[in-house]
Structures are given as structure tokens and as C-alpha cells.
Amino acid sequence: MAVGKEIRNQIRSVKNTQKITRAMEMVAASKMRKAQDRMAASRPYSEKIRNVIAHLAHAHPEYRHSYMKDRDVKRVGFIIVSTDRGLCGGLNANMFRRTLRNLREWNEQGAGIDLCTIGSKGYSFFRRLGSNVVAHTSHLGDAPRVEDLIGTVKVMLEAFDEGKIDRLYVVYNKFVNTMTQDPQTVQLLPIEKDENVELEHHWDYIYEPEAKEVLTDLLTRYIESLVYQAAVENTACEQAARMVAMKAASDNAGDMIDDLALAYNKARQAAITQELSEIVSGAAAV
Amino acid sequence: MAMTMHVDIVSAEAEIFSGPALMVFAPAVMGEVGIMPRHTPLLTKLKPGEVRVVKPDNEEEYFYVSSGMLEILPQGVTVLSDTALRATDIDEAAALQAKERAEKELADNKDDIDYARAEAELAEAIAKIQTIKNIKKKLGKA
């Protein structure tokens with residue numbers, strides 16, 4: 001029967017799309033779980049370093065590393081962590097919108113802005129806007145490595161050392177739960193002193209080699225670990241957002257298939273009814 | 001029972017070891033150090049080498065660290081291991097690469113901008129065709 005061939009074709013193509021979105025949903029779900037594990041695994045390192053730094057700051061109140069000194073803000077650096085690929089709902093768009101508002105505020109205060117992007121979505125977005133992107137890394141994959149981030153972070157740290165930027169932020173999506181991802185802007189430099197930690201004891205480390213060198217190394221690693229955490233957390237968010245987006249797409253495809261099936265059946269029924277009435281009226285005419 | 005201390009070996013990507021130990025050996029930049037419980041607080045850099053942990057059952061465990069930091073407190077030892085080989089010139093090279101990427105893709109990005117423009121033009125053309133179709137329909141009916 002020739003009736004509804006187009007509808008049948010359409011149903012088939014929607015079904016194929018649904019298969020793809022379903023598969024992507026499941027892949028994202030398993031990747032999200034792994035990304036969450038990675039998130040948890042990276043925490044002890046930065047916590048340990050934070051403890052040591054807090055201790056150092058207390059043991060040497062007179063000595064301040066340049067990373068800890070507040071200075072007048074003439075130029076601000078942003079490290080923006082975004083995804084490499086799309087199909088993850090409004091994850092990137094929400095973050096970019098929030099960041100743009102932030103950038104505009106700095107602009108109004110007369111501060112220049114340097115950007116460093118991690119992930120290709122952020123790169124192409126801020127490039128198109130004509131922002132000053134000084135460093136970029138992308139294609140970190142599902143398991144970002146600290147190694148891949150060292151370069152980009154170093155560019156920003158150097159800029160801070162040379163006084164090109166006076167403040168450094170990292171922007172990423174915080175993983176709240178599967179349904180919620182919250183864009184965050186966290187200040188990296190200067191390092192904000194944790195006033196809550198009140199250390200009782202008054203003793204100091206022996207440093208090998210000098211305190212300054214050890215501290216510089218420690219602070220660099222601390223910043224790197226924070227950026228790494230941001231990258232890992234953003235991957236978890238990406239997978240969660242993709243999972244939700246693909247689930248919605250699969251559901252929508254299901255609805256569409258139902259509607260199309262209904263239309264197809266109606267058309268088929270109408271054709272049958274018409275044929276019958278033709279036969280009946282033909283018989284009546286005889 | 002012999003005195004033990006708590007040992008943590010962590011890297012930015014994972015927790016490698018955590019548990020009690022009798023003694024720890026680590027490759028500090030100024031020479032290898034052996035640490036026993038109640039050591040005086042010390043903070044030092046590590047060079048590539050082996051961290052050896054003597055566990056309470058006298059069994060030894062070995063870990064390779066490419067470099068990192070070592071924090072010693074009387075009650076325990078923390079090894080902050082680097083996951084990557086670190087050296088000033090390697091870091092420098094990585095930074096240069098990151099800068100180059102930002103500049104290089106600017107050139108490639110022209111395609112992206114062209115793409116966006118093409119997309120806009122396409123949308124416009126589709127809208128035009130749609131309007132023409134609608135007009136034709138009306139004329140055909142009239």
C-alpha cells in the first residue's frame with residue numbers, strides 16, 4: 001500500500017536518531033561516574049598543599065610571597081574551562097553568559113582583561129568576541145592530565161610575575177549533582193588567606209633549599225592543582241549535562257514517534273475507509 | 001610495639017598511598033633522607049627517585065616519584081608527588097606551546113567566523129525562499 005510512505009520513512013529516521021541519543025546518554029552516564037571518581041581522587045593533594053601553605057603563612061607573617069600580596073587591579077586574567085564538544089545542553093552557554101557579565105564589570109572599572117581558555121568551545125566563543133586570548137589548550141579528553149595544563153597555567157603565572165595581570169580567576173562549572181551544574185568564578189591569585197584557620201602551635205619547618213624557593217614551587221603546584229580540579233570537575237559537568245540533554249532528546253524522539261505513528265495509522269485508516277466506500281457505492285450503482 | 005607515623009603519598013590526579021609506617025626514605029634534593037616518627041618539621045623538594053615506605057609489618061613498599069615536595073611533621077609524612085616530569089625548560093616549552101596554540105588557531109578561526117557568516121546567510125536565503133513559496137501559494141489559490 002502506497003499510503004504514508006513518507007511518514008514511515010520519517011518514523012524510521014527518528015528512530016535512528018533516538019538510537020544515537022540513547023547510546024550517547026548511556027556513554028555519558030558511565031563517563032560521568034568515572035569523572036566523579038577522578039574529582040574525588042584529586043582532592044587530597046590540594047587539601048594537603050593548602051594546609052602547608054596556611055601553615056607557612058602563619059609561621060612567617062613577615063614574609064609574603066608575591067602570590068599572596070594584593071595589589072591595585074589594572075589588568076585581570078581569567079582561565080576559562082569549557083568543554084571541547086557540544087551536545088551538552090546549556091552548560092557552556094550559561095557559563096559564558098555569567099563570565100561576560102563579569103568581564104563587563106571589570107571593563108567598567110577600567111581593568112583590561114587577558115583570557116586563557118581550556119577547551120575549544122570557550123576558545124571559539126571568546127575569539128569571536130574579539131577578546132584577548134593569550135593561551136589555549138584543548139582536546140584534554142575524558143581524563144585531563146596535569147601535564148597538559150602546566151603550560152597554560154604557566155603563561156598566566158608568568159604574566160602575574162611580570163605584573164601584566166594583577167589578579168587571576170578560574171571559571172568553570174561546579175558539579176553540584178547530576179541535574180545541577182553551577183558556573184563558578186574562583187580567585188586564584190593573589191591567594192586569599194584563610195583567616196578561619198587559627199593554628200595553635202608556633203613552630204617552623206626546616207627548609208631545604210631556601211624557604212622562598214620551596215614556597216614558589218608549592219604555590220605553583222597549588223594553582224596548577226586548582227586548575228586541574230576545575231578541569232576535572234568541568235568534565236564531570238559536561239558528561240552530566242550531556243546525559244540529561246540526551247535523555248531529553250530521546251524522550252522527545254519517543255513523543256515524535258508516537259505522534260507520527262498516530263498520523264500514519266489515521267492515514268491508513270482513511271485510505272481503507274475510502275476504498276470501502278468506493279466499493280460499496282460502486283456495488284450500489286450496479 | 002614500635003612507634004609508627006602516618007604516611008600519605010598523593011599526586012594531583014590520585015591518592016597513591018595512605019597508611020602507617022615505621023620509616024620512610026625519600027630522595028630529597030639535598031640527598032636522600034630517612035625519616036622516622038617524631039622527626040622535626042621539614043619541608044623539602046624531591047628529585048626523581050624512589051620513595052621507600054617501611055610498613056609496620058616490616059614489609060617495604062616502593063613508589064617512584066618524578067619530583068615533588070616532601071612535608072615532614074612529627075606525626076607523619078606527606079609526599080606531594082608530581083605526575084609529570086618537571087624542569088624549568090620543559091615548563092617553559094609547554095607555556096610557549098600554549099601561547100602558540102592561542103595564536104595559531106586565530107588563523108584557523110577565520111573559517112569559523114566565515115562559517116558563522118555563511119550560516120547567517122543560509123538562514124536568510126531559506127527565509128526568502130519560504131516567503132516566495134508562500135506568495136506563490138497565495139497567487140495559485142487566488
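**Figure 1. The largest nonpolar core of this predicted model has 65 residues.** Let's start inside. Within this core, A:Ile79 and A:Leu218 are the residues with the most contacts. The biggest contribution comes from helix H5 of chain A (residues 211–285), which supplies 17 residues. Apart from this core lies another, of 20 residues, which includes B:Val24, B:Ala28, B:Val77 and B:Val79.

**Figure 2. A close-up of A:Leu218 shows its partners in both chains.** Leaving aside neighbours within four places in sequence, A:Leu218 is in contact with A:Ile49, A:Val52, A:Ile53 and A:Leu56 from chain A. From chain B, its contacts are B:Leu43, B:Met69 and B:Leu80. Remember B:Leu43, as it comes back in the interface view: it is one of the residues of chain B that lose the most area to chain A.

**Figure 3. Chain B has nine strands followed by one helix.** Read from the N terminus, the elements run β-β-β-β-β-β-β-β-β-α. Chain B has 142 residues, and 39% of them count as buried. Its accessible surface is about 8,500 Å², with 57% belonging to carbon and sulfur atoms. For anyone thinking about contact order, take the contacts in chain B with a separation of 6 or more: residues 24 or more positions apart account for 43% of them.

**Figure 4. Chain B and chain A bury about 3,600 Å² between them.** Carbon and sulfur atoms give 62% of that area. The contact takes 42 residues from chain B and 42 residues from chain A. On the chain B side, B:Ala12, B:Glu13 and B:Leu43 lose the most area, together 17% of what that side buries.

**Figure 5. Polar pairs across the interface include a salt bridge between A:Arg221 and B:Asp82.** The N to O distance in this pair of side chains is 2.6 Å. In total, the rule finds 4 salt bridges across the interface of chain B and chain A. The count of residue pairs in polar contact between the two chains is 11, with both residues at pLDDT 80 or more. Which elements of chain B each supply at least two residues of the side that touches chain A? They are strand S1 (5–11), strand S5 (42–46), strand S8 (68–73), strand S9 (76–81) and helix H1 (88–141). Helix H1 of chain B gives the most to that side, with 14 residues.

**Figure 6. Two glutamines, B:Gln75 and A:Gln229, sit in contrasting surroundings: one is exposed and the other is buried.** B:Gln75 lies in the loop between S8 and S9 of chain B. Its relative accessibility is 54%, so it counts as exposed. Setting aside neighbours within four places in sequence, B:Gln75 is in contact with B:Met5 and B:His6. B:Gln75 and B:Thr40 are 35 residues apart in sequence, and their C-alpha atoms are 9.5 Å apart in space. A:Gln229, for its part, lies in helix H5 of chain A. A:Gln229 counts as buried because its relative accessibility is 14%. The side chain of A:Gln229 reaches the backbone oxygen of A:Ser42 at 3.3 Å. With neighbours within four places in sequence left out, A:Gln229 is in contact with A:Ser42, A:Arg43 and A:Ser46.

**Figure 7. Cis peptide bonds precede A:Pro190 and A:Pro209.** Most peptide bonds are trans, so these views deserve a look when you check geometry. The bond joining A:Leu189 and A:Pro190 has an omega of about -15°. A:Pro190 is in the loop between strand S5 (181–189) and strand S6 (206–208) of chain A. The bond joining A:Glu208 and A:Pro209 has an omega of about -10°. A:Pro209 is found in the loop between S6 and H5 of chain A.

**Figure 8. A:Leu87 and B:Asn58 have a positive phi without being glycines.** Most residues other than glycine have a negative phi. For A:Leu87, phi is about 55°. A:Leu87 lies in the loop between strand S1 (75–81) and helix H2 (91–108) of chain A, and is exposed, with a relative accessible area of 55%. For B:Asn58, phi is about 65°. B:Asn58 has its place in the loop between strand S6 (49–54) and strand S7 (60–65) of chain B. B:Asn58 counts as exposed, at 59% relative accessibility.

Conventions: Residues numbered from 1 in each chain as written. Chains lettered and ligands numbered in written order. Predicted model: local features only at pLDDT ≥ 70, side-chain atom pairs only at ≥ 80, totals over all residues. Heavy atoms only, no water. Core = buried A, V, L, I, M, F, W, Y, C linked by side-chain atoms within 4.5 Å. Buried < 20%, exposed > 50% of the residue type's maximum accessible area, 1.4 Å probe, protein only. Helix = DSSP H or I, 4+ residues; strand = E, 2+ residues; numbered from the N terminus. Contact = heavy atoms within 4.5 Å. Areas by Shrake-Rupley, 256 points an atom, 1.4 Å probe, with all protein chains shown as cover. Buried area = accessible area lost by both parts, 1.4 Å probe. Polar contact = N/O pair within 3.5 Å; in protein donor to acceptor, adjacent residues only side chain to side chain.
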